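This briefing introduces one protein structure to a reader who has not met it before. Please keep the sequence and the model at hand while reading.

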Amino acid sequence: MTKTRDRMWRWLVLVAVPIAGATVAQSPTHLRLMILVGAGVTWLLLRSTERNRWTAELAKAESATQARHAAFAQHSSDVVTVVDGTNVIRYQSPSVTRVFGYAKDEMLGMNLRDLLHPEDRRRVFGMIVAAQDEGRETALVECRVKHADGSWRYAETAVSSKLDDPDVCGVILNTRDVSERKSLEEALAHQAFHDSLTKLANRALLKDRIDHALARAVRRGRALAVMLLDLDGFKAVNDSLGHDAGDELLICVATRLDECIRPTDTAARLGGDEFAVLVEDLASPGDYAIVATRMLESLQAPFHVHGKEVFVRGSIGIAMCGEGDNTADELLRNADVAMYMAKAEGKNRFELFNPSMHSAMLRRLDTEAELRRAVDRHEFVLHYQPTVVLDTGRIAGVEALVRWNHPERGLIPPIEFIPIAEETGLIVPLGEWVLREACAQAQQWHGEHPKDPPLMMSVNLSMRQLQQENIVGTVSEVLAETGLAAECLTLEITESAVMNDHVTTIVRLNQLKALGVRIAVDDFGTGYSSLSYLRRFPIDVLKIDRSFVDGVTDGSQKRALLRTIVELGRALNLETVAEGIELPEELQQLRSLECELGQGFYFARPLEASVVAELLAQGALSPSSAVVDLVEGRPTEIW
Ligand code: C2E
Ligand code: MG
Ligand code: MG
């Protein structure tokens, strides 16, 4: 509309001015002059109209730009802040409400430092100074900004100084909230350095922490310890209750371990059922023992997984940082060797690394390889230890105890190879051999020395064997092959093995009982406090661990304990066998407590089959029996 009017005006002037000039002209020269003047006026008029129009359009465009800038500032993901030379906020873009939750203008007059995380202030102010010095926009700086709700948000800020610009007179900070990106980064970093199941540190993070801790320990002259913990009994839970239960158990173990250490220490899971702990700043180097004991104790109470009560124990290997330049790898390796030794020494214990362990471990590895060969070559013999009726001295049965008849080292006791056989699984073929040999021997003695009641044969069964699906088939096969009556065979299972894995154990033991064999709980009293299992398991015999018999004559407390166990057995209608009777006084005490049966060096050590045959020919252990030779200098006039 305005454009059309402008155009009309222009034409009107262009036509009217020359015509008016021509009308008033009095000569041709005059006319030419008038036309020229008219054209000039017209040109001037047109120029001024055009300029007005441009000016108006420019003003309009500028106000549009300002509106656009305002809209940008309002809706942009960036927050624009202008601070003066003393870092007081002089301008704040409205987007701050959306990004950091502050009301419009709420931040004006505040000092920037109050919005920055204390750890980030130096960095941001350093950038501001750099921007002022260089007079250009600086690189991005990462910092944490306080949100109006009090939380810290991760932000990225670009700083440019406009202190010299009269329109700004300040330093401009362009800030963007990068919390989401940051938390994703953190999640990824966490994943890379933590065990996804237990949320503990993983091997990579542990190694990094150990390296840093080593540097600190050297500087401060304080001791640090790396402890490796391997769970005993985890596999049984995993195999019997399933992997979900296994996972749940690992999480519970992780929680308990974490509670054993200070927040500045590190607990890690290295994989499977192997955990590690880095303990720093030990007040005295010997303090590692306190932490290790606490860790073992933390595993004592039963774990509740999938509604079941399960038990695990641990073996801990410890390496301390020494004089030399230890590295994380070296400490972990040493702790591993020590852990291996702790397992070999009988589990549920800790061992501190010392260099001689390396050779001990090599020896053990040798033993492992040799044991494998020995199983193939049947380099084992059985010795038999009589179980006697305490009142009469009659041999009620024998326990088959395996020995390794090593071609060079001679007879090796079971404590030196049974744990290795259990760990490697060699116990399965070895145990089957023991069972077959013992049953065949018992059947032979039944034929040669028939007794009434018949001689009982006890065979130790390891947890690993009990876990075998075909164990029931194997036992029934051996009984059928050897002809031994099932009721003459007692299978001994240690208390800790019974407790390890309720579900499988109950099922298997019931199946074995159905064959007609008897079940004994071996080493009773050394395992767990919960006695409720005694009712739930199909048990016939309690073999009271020798630690209860040892020293029973020394004090009334031991005697009271022994009496409780004997009475418990009686109340549950179980046969009780006291293990490890070495002294006549111990025998007297057990008799007075009315314990039925006993076993121990006082009567006989484990004997070769031929010696047992002689004893069986005599019928009962008496002063004239082989016992006199076996227990030197001990009074044997007891029956
Ligand atoms: P265990 O089944 O508790 O066997 C009793 C152990 O106590 C035997 O040790 C025996 O020699 C020892 N002992 C008996 N009376 C006395 C005593 O008066 N004083 C002392 N100090 N010790 C006594 P051994 O033969 O060295 O066997 C140790 C363990 O090895 C056995 O403990 C058993 O757990 C295991 N073992 C032995 N043979 C086998 C086997 O064929 N299979 C399995 N799985 N384990 C076996
Ligand atoms: Mg036994
Ligand atoms: Mg025992």
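Of the contacts in the protein chain with a separation of 6 or more, what percentage is accounted for by residues 24 or more positions apart? The share is 63%. The model is predicted, and its protein chain has 639 residues, of which 46% count as buried. Its secondary structure comprises 23 helices and 21 strands.

**The magnesium ions**

- The magnesium ion (ligand 2) has four protein donors, Glu 399 (OE), Asn 460 (OD1), Glu 492 (OE) and Asp 522 (OD), at 2.0 to 2.2 Å from the ion.
- Along the chain, the donors of the magnesium ion (ligand 2) show the spacing E-x60-N-x31-E-x29-D.
- Distant parts of the chain are linked here, since Glu 399 belongs to strand S14 and Asn 460 to strand S16, 61 residues apart.
- Glu 399 is buried, at a relative accessible area of 4%, whereas Asn 460 is partly exposed, at 27%.
- The magnesium ion (ligand 3) is coordinated at 2.0 to 2.7 Å by Asp 522 (OD), Asp 523 (OD) and Glu 579 (OE), with Glu 579 (OE) listed twice.
- The donor residues of the magnesium ion (ligand 3) follow the spacing D-D-x55-E in sequence.
- Asp 522 acts as a bridge between the magnesium ion (ligand 2) and the magnesium ion (ligand 3), and the two ions lie 4.0 Å apart.
- Asp 522 counts as buried because its relative accessibility of 5% is under 20%.
- Asp 523 has a relative accessible area of 23% and is partly exposed.

**The nonpolar cores**

- The largest nonpolar core contains 80 residues, and Phe 380, Met 457, Leu 489, Leu 491 and Leu 512 have the most contacts inside it.
- Helix H13 (residues 427-448) gives this core its largest share, nine residues.
- Apart from this core lies another of 33 residues, including Met 227, Cys 260, Leu 282 and Ala 292.
- With neighbours within four places in sequence left aside, the contacts of Leu 489 include Leu 435, Cys 439, Met 456, Met 457 and Val 459.
- Val 475, Leu 479, Leu 484, Val 517 and Arg 518 are also in contact with Leu 489.

**The second largest pocket**

- The volume of the second largest pocket is about 270 Å³.
- Its lining is made up of 20 residues, and those closest to the centre of the pocket are Ala 396, Met 456, Arg 518, Glu 575 and Leu 597.
- Strands that each supply at least two residues of this lining include S13 (380-389), S14 (395-406), S16 (456-460) and S17 (489-494).
- Strands S18 (518-524), S19 (541-544) and S20 (575-578) also each supply at least two lining residues of the second largest pocket.
- By class, nine of the lining residues of this pocket are nonpolar, five are polar and six are charged.

**The cavities**

- The model has four cavities of 30 Å³ or more.
- The largest cavity holds about 160 Å³ of space.
- The largest cavity is lined by 15 residues, with Thr 81, Leu 112, Leu 116, Val 145 and Thr 175 the closest to its centre.
- Two or more residues of this lining come from each of strand S1 (78-83), strand S2 (89-92), strand S3 (141-146) and strand S5 (170-177).
- The lining of the largest cavity has eleven nonpolar and four polar residues but no charged residues.

**Individual residues in loops and strands**

- Ala 148 is located in the loop between S3 and strand S4 (152-162), and its relative accessible area of 42% makes it partly exposed.
- The C-alpha atoms of Ala 148 and Gly 101 are separated by 5.0 Å, although the two residues are 47 residues apart along the chain.
- Beyond its neighbours within four places in sequence, Ala 148 is in contact with Phe 100, Gly 101 and Tyr 102.
- A cis peptide bond, with omega near -5 degrees, runs from Asp 452 to Pro 453, and Pro 453 is in the loop between H13 and S16.
- Asn 87, which is not a glycine, has a positive phi of about 65 degrees.
- Asn 87 is found in the loop between S1 and S2 and is buried, with a relative accessible area of 16%.
- Asp 281, another residue other than glycine, has a positive phi near 55 degrees.
- Asp 281 lies in strand S8 (residues 274-282) and counts as partly exposed at 27% relative accessibility.

Technical notes
Residues numbered from 1 in each chain as written. Chains lettered and ligands numbered in written order. Predicted model: local features only at pLDDT ≥ 70, side-chain atom pairs only at ≥ 80, totals over all residues. Heavy atoms only, no water. 1 Å grid on protein atoms, 1.4 Å probe; cavity = no way out; pocket = protein on both sides within 12 Å on 5 of 7 lines; lining within 4 Å. Points joined across faces, edges and corners; volume = space filled by probe spheres on them. Helix = DSSP H or I, 4+ residues; strand = E, 2+ residues; numbered from the N terminus. Nonpolar A, V, L, I, M, F, W, Y, C, P; charged D, E, K, R; others polar. Core = buried A, V, L, I, M, F, W, Y, C linked by side-chain atoms within 4.5 Å. Buried < 20%, exposed > 50% of the residue type's maximum accessible area, 1.4 Å probe, protein only. Contact = heavy atoms within 4.5 Å. Donors = N, O, S within 2.8 Å, 3.2 Å for Na, K, Ca; no water.
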